[in-house]
Every structure is written in C-alpha cells, then in structure tokens.
Amino acid sequence: MSIAFQVQERLDDGGWRTILAQTLSTGLNMPMLFESGEPSCEHVKLQVEVMTA
C-alpha cells in the first residue's frame, strides 16, 4: 500500500504554502509512524494503519 499526503498552510494573501509532501509505503495491518521536522521548522507527525475488515 502507498499513501500520499500533503501538508499545506493557508497564507494571509489566500495562497498556499506546502510544508511537506510525502508518500508512505506499508502493508495491511502494519502501523506506520512518520515524523519529520527540525528544531527550526514545522514538525509533522502522522500515524496510519490500513486494516482489513
């Protein structure tokens, strides 16, 4: 499985600034934790799991 996501910030002038664009690869029933960021910029944390029904 591949999961693509994008984190954007809405600017005062109505435009958008992309903070992060990433694609994660994982399998069924396998939790994936993604963290990014440095002390001087935004920090993004995402945990996702694709589960069978």
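Which residues make up the largest nonpolar core? The close-ups below start there. This is a predicted model, where local features need pLDDT of at least 70, side-chain atom pairs count only at pLDDT 80 or more, and totals for chains, interfaces and linings use all residues. Residues are numbered from 1 along each chain as its sequence is written, and side-chain values use heavy atoms, with hydrogens and water left out.

**View 1. The largest nonpolar core has five residues.** They are F5, L20, L24, F34 and V44. A nonpolar core here is a set of buried Ala, Val, Leu, Ile, Met, Phe, Trp, Tyr and Cys residues joined through side-chain atoms within 4.5 Å. Buried means under 20% relative accessible area, exposed means over 50%, and partly exposed is in between (1.4 Å probe, protein chains only). As background, nonpolar side chains in soluble globular proteins tend to be buried together. Take L20: leaving aside neighbours within four places in sequence, L20 is in contact (heavy atoms within 4.5 Å) with F5, Q6, V7, F34, S36 and V44.

**View 2. F5 and F34 meet edge-to-face.** Rings of Phe, Tyr and Trp (its six-membered ring) pair if their centres lie within 6.5 Å; planes under 30 degrees apart count as stacked, over 60 as edge-to-face and the rest as tilted. That rule gives a count of one aromatic pair. In the F5 and F34 pair, the centres are 5.7 Å apart and the planes are at 75°. F5 sits in strand β1 and F34 in strand β3 (residues 32-36), so the pair ties together parts 29 residues apart in sequence. Both F5 and F34 are buried.

**View 3. β1 and β2 form a hairpin.** Strands are DSSP runs of E with at least two residues, numbered from the N terminus, and two strands pair if DSSP finds at least two bridges between them. Strand β1 (residues 2-10) and strand β2 (residues 16-25) pair in the antiparallel sense over nine bridges. To find your way along the ladder, look for S2 opposite S25 in β2, and for Q8 with its bridge partner T18. Five residues lie between the two strands, and G14 in the turn has a positive phi of about 95°.

**View 4. A4 is an exposed spot in strand β1.** Its relative accessible area is 64%. Across from A4, the C-alpha of T23 is 4.2 Å from its own C-alpha, though the two residues are 19 apart along the chain. Leaving aside neighbours within four places in sequence, A4 is in contact with Q22 and T23.

**View 5. T26 and N29 share the loop between β2 and β3.** T26 is buried, with a relative accessible area of 12%. A polar atom of the T26 side chain lies 2.8 Å from the backbone oxygen of M30. Not counting neighbours within four places in sequence, T26 is in contact with M1, I3 and M32. N29 counts as partly exposed, at 41% relative accessibility. N29 also has a positive phi, near 55°, in a residue other than glycine.

**View 6. L33 lies in strand β3.** L33 is partly exposed, with a relative accessible area of 47%. Residues up to four places away in sequence aside, L33 touches K45, L46 and Q47. From L33 to V48 the C-alpha to C-alpha distance is 6.6 Å, with 15 residues separating them in sequence.

Notes
Helix = DSSP H or I, 4+ residues; strand = E, 2+ residues; numbered from the N terminus. Polar contact = N/O pair within 3.5 Å; in protein donor to acceptor, adjacent residues only side chain to side chain.
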